[in-house]
Amino acid sequence: MKSLKIISLALLAALSLCSISAPRADGQTAGASGGSGLSGPTRIDTVPPKTVIETPFEIQSGTLTLPGTLTIPAKSKGKLPVALIVAGSGPTDRNGNSAGALRAQNNSNLYAILAWQLANAGIASVRYDKRILGDNFQKVDLPSISIDDFIADAIAGARSLTGDRRFSKVILIGHSEGAELVLQAVNRGAPAAGIVMMSGAGRPIMLVLREQISKQLPPAEIVKWDSAIARYLRGEDPGDVHPGLRSLLQPTNRKFMQSWVKYDPAMEIAKVKVAVLIVQGLRDIQVSEADARALKAAQPAAKLVLIPAANHVYRATTTDDRLVQLKLYADPTIPIVPELAPAIAEWIKGR
């Protein structure tokens, strides 16, 4: 069913951690793997501009070493502010692209492009591969993974950067699910001067997920979904459900899902003690303006930036048509909207 492709990118991919066999992150810049076990040829869309310098950067999170890329301006002097870029859902690599077969649906290169533009504005950044990619895939126990593991990775990254004398301050930037992760990370002690929430949900994930499904399936299928997900979260066989939704209900993903549904973004952001920037595209068909405004309402001190033409991966569009937007997720050569990086850079420099 073609209309489910966007959901499979954003949410089905998030929970189908084992849907690809031994995923490998490809498409890295030359030298970016740093011996991390990443495979695949250098791609032209991931080669940085000459205005930036990229070097390997590793984050130690528990027993895992998460390979990443440090991006700095080619002509930097003195200490720089640094941003830790935390990826969204699914088997997403440091550049913002999916691994395995899902790459055909998600190949936007968003995080790499953002890193380069931030460097051109005088801000360093580190982006890293999620723990379910590359060599680490063989080291993790998928059924035991919870959202807490990804939060711990963000905390470890923040601590690593805080202890690096090259940097003046640390900002956490999270996109989509990553926006939730950086919020919870700072509330659990991640050292940071502030967080940027790009396209972050303002409601519990079950409400967001049901809304997305409701736009694509008839009411009878939604009734079946409601019953199936309730059984699944209780640890029971979910029973009958639309084929396009089965990957959300794999036993391997149950613990992750059980931990994710407990998260309430509005309650979490109300507790935050650091500065917050909320960025939302008004052509985003996965997370809505209402989500961004719910976050702002729960934390009035946060700054809200709305970008009228931006979709979920910050490409410009004039339509909410899902099939049209799908193409914008898969072409890394399409520029990101010009408002994004300047808005983030200006806010970081003002901290």
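**Packing around helix α11 and two helix pairs**

Proline 81 is buried, with a relative accessible area of 13%. In this predicted model, the residue is found in strand β3. Setting aside neighbours within four places in sequence, proline 81 is in contact with Gly122, Ile123, Ala124, Ser168, Lys169 and Ile348. One of these partners, alanine 124, is 43 residues away in sequence, yet the two C-alpha atoms are 6.1 Å apart in space. Another of them, Ile348, belongs to the buried residues of helix α11, and β3 is among the elements that cover the buried part of that helix.

The chain as a whole has 11 helices and 8 strands. Of its 351 residues, 58% are buried. Taking the contacts with a separation of 6 or more, 71% are made by residues 24 or more positions apart. As for the surface, the chain exposes about 13,400 Å², and 55% of that area is supplied by carbon and sulfur atoms.

Back to helix α11, which spans residues 340–349 and is mostly covered, with 7 of its 10 residues buried. The buried set consists of Leu340, Ala341, Ala343, Ile344, Ala345, Trp347 and Ile348. The cover over these residues comes from strands and a helix, including β3 (80–86), β5 (167–175), β6 (194–198), β7 (275–281) and β8 (303–307), together with α2 (110–120).

The α2 part of that cover can be described as a helix pair. Helices α2 and α11 pack at an angle of about 55 degrees, with their axes 10 Å apart. An angle of that size makes α2 oblique to α11, and α2 passes α11 in a right-handed crossing. On the α2 side the contact is made by Leu110, Leu114, Gln117 and Leu118, and on the α11 side by Leu340, Ala341, Ile344 and Ala345. Sorted by class, the contact has 7 nonpolar residues, 1 polar residue and no charged ones. The four α11 residues named here, Leu340, Ala341, Ile344 and Ala345, also appear in the buried set of α11.

A second helix pair is formed by α3 (residues 147–162) and α4 (residues 177–187), which pack at an angle of about 70 degrees with their axes 9 Å apart. Here α3 is roughly perpendicular to α4, because the angle falls in the range from 65 to 115 degrees. The crossing of α3 past α4 is right-handed. From α3, the contact draws on Ile147, Phe150, Ile151, Ala154 and Ile155, while α4 brings in Glu180, Leu181, Gln184 and Ala185. Sorting these residues by class gives 7 nonpolar, 1 polar and 1 charged. As in the α3 and α4 pair, the crossing of α2 past α11 is right-handed.

Elsewhere in the chain, serine 227 sits in helix α6, which covers residues 219–233. With 35% relative accessibility, serine 227 counts as partly exposed, whereas proline 81 is buried at 13%. Serine 227 and valine 241 lie 14 residues apart in sequence, and their C-alpha atoms are 8.8 Å apart in space.

Key
Residues numbered from 1 in each chain as written. Predicted model: local features only at pLDDT ≥ 70, side-chain atom pairs only at ≥ 80, totals over all residues. Heavy atoms only, no water. Axes fitted to C-alpha atoms, helices over the stretch in contact; angles between N-to-C directions. Helix = DSSP H or I, 4+ residues; strand = E, 2+ residues; numbered from the N terminus. Parallel < 35°, antiparallel > 145°, perpendicular 65-115°, else oblique. Left-handed = near helix turned anticlockwise from the far one by under 90°. Contact = heavy atoms within 4.5 Å. Nonpolar A, V, L, I, M, F, W, Y, C, P; charged D, E, K, R; others polar. Buried < 20%, exposed > 50% of the residue type's maximum accessible area, 1.4 Å probe, protein only. Areas by Shrake-Rupley, 256 points an atom, 1.4 Å probe, with all protein chains shown as cover.
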